[in-house]
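Good morning, and thank you for coming. Please look at the sequence and the structure now on the screen.

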Amino acid sequence: MQNEIKVVMVEPNKHPIVTTIKTKLENLQEAVGGLIEIIDIEPNICILCNEEGKLIGLEGNRKLGDDILVGTFYICGSNDEGELISLTDSQLEKYINFFWEPQTFTQGEIEN
C-alpha cells in the first residue's frame, strides 16, 4: 500500500489542484474534516469526502450527477484490493478539467 498518493483536491469556490495525501485513516479524516465517505465515480476512481458534510452544513462545492458534493473532496484511484492509489498524469488532468469551474449553491439546493 502506498503511504502517500497523488490526488486532485477540490475545495469550494476554488479551482482544483494536484496534491498528495497520506493514506492512513487519521490523515484521510483530517483531510476531509471528519468521517470519510468513499464514492466510486468510475472503475478504479473514487471521491473521498466528509460523510457528514451535509448534516454539519459544509459549503456546497460541485454538482456530481443529481447530487451536490459539499466541503473539500479528493479524487483518487483505487486498485482491485480496494486500496487507495495515486491517479495517473492523464487522470489528474482529466479531473482537474472536469471540476475546473467553481460552482455555488444555495442551502436549499444542497438540502434537496
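I shall speak about the nonpolar cores and then about two individual residues. Please keep in mind that this is a predicted model.

I begin with the largest nonpolar core, which has 13 residues. Val8, Ile47, Phe73, Ile75 and Phe99 have the most contacts inside it. Two or more residues of this core come from each of strand 1 (4–10), strand 4 (45–50), strand 7 (73–78) and helix 2 (89–98). There is also a second, separate core of 12 residues, and Ile21, Leu28, Val32 and Cys46 are among them.

Let us return to Phe99 in the largest core. Setting aside residues up to four places away in sequence, Phe99 touches Val10, Pro16, Ile47, Arg62, Leu64, Phe73 and Ile75.

From the second core I have chosen Val32, which is found in helix 1, residues 25–32. Is Val32 buried or exposed? Val32 is buried, because its relative accessible area is 6%, and the cut-off for buried is under 20%. Beyond four places in sequence, Val32 touches Leu48, Cys49, Asn50, Thr72 and Tyr74.

My last residue is Asn61, in strand 5, residues 60–64. Its relative accessibility is 0%, and therefore Asn61 counts as buried. What lies 2.7 Å from a polar atom of the Asn61 side chain? The partner is the backbone oxygen of Gly71. With neighbours within four places in sequence left aside, the contacts of Asn61 include Val10, Ile68, Gly71, Phe73, Gln103 and Phe105.

Thank you for your attention.

Conventions
Residues numbered from 1 in each chain as written. Predicted model: local features only at pLDDT ≥ 70, side-chain atom pairs only at ≥ 80, totals over all residues. Heavy atoms only, no water. Core = buried A, V, L, I, M, F, W, Y, C linked by side-chain atoms within 4.5 Å. Buried < 20%, exposed > 50% of the residue type's maximum accessible area, 1.4 Å probe, protein only. Helix = DSSP H or I, 4+ residues; strand = E, 2+ residues; numbered from the N terminus. Contact = heavy atoms within 4.5 Å. Polar contact = N/O pair within 3.5 Å; in protein donor to acceptor, adjacent residues only side chain to side chain.
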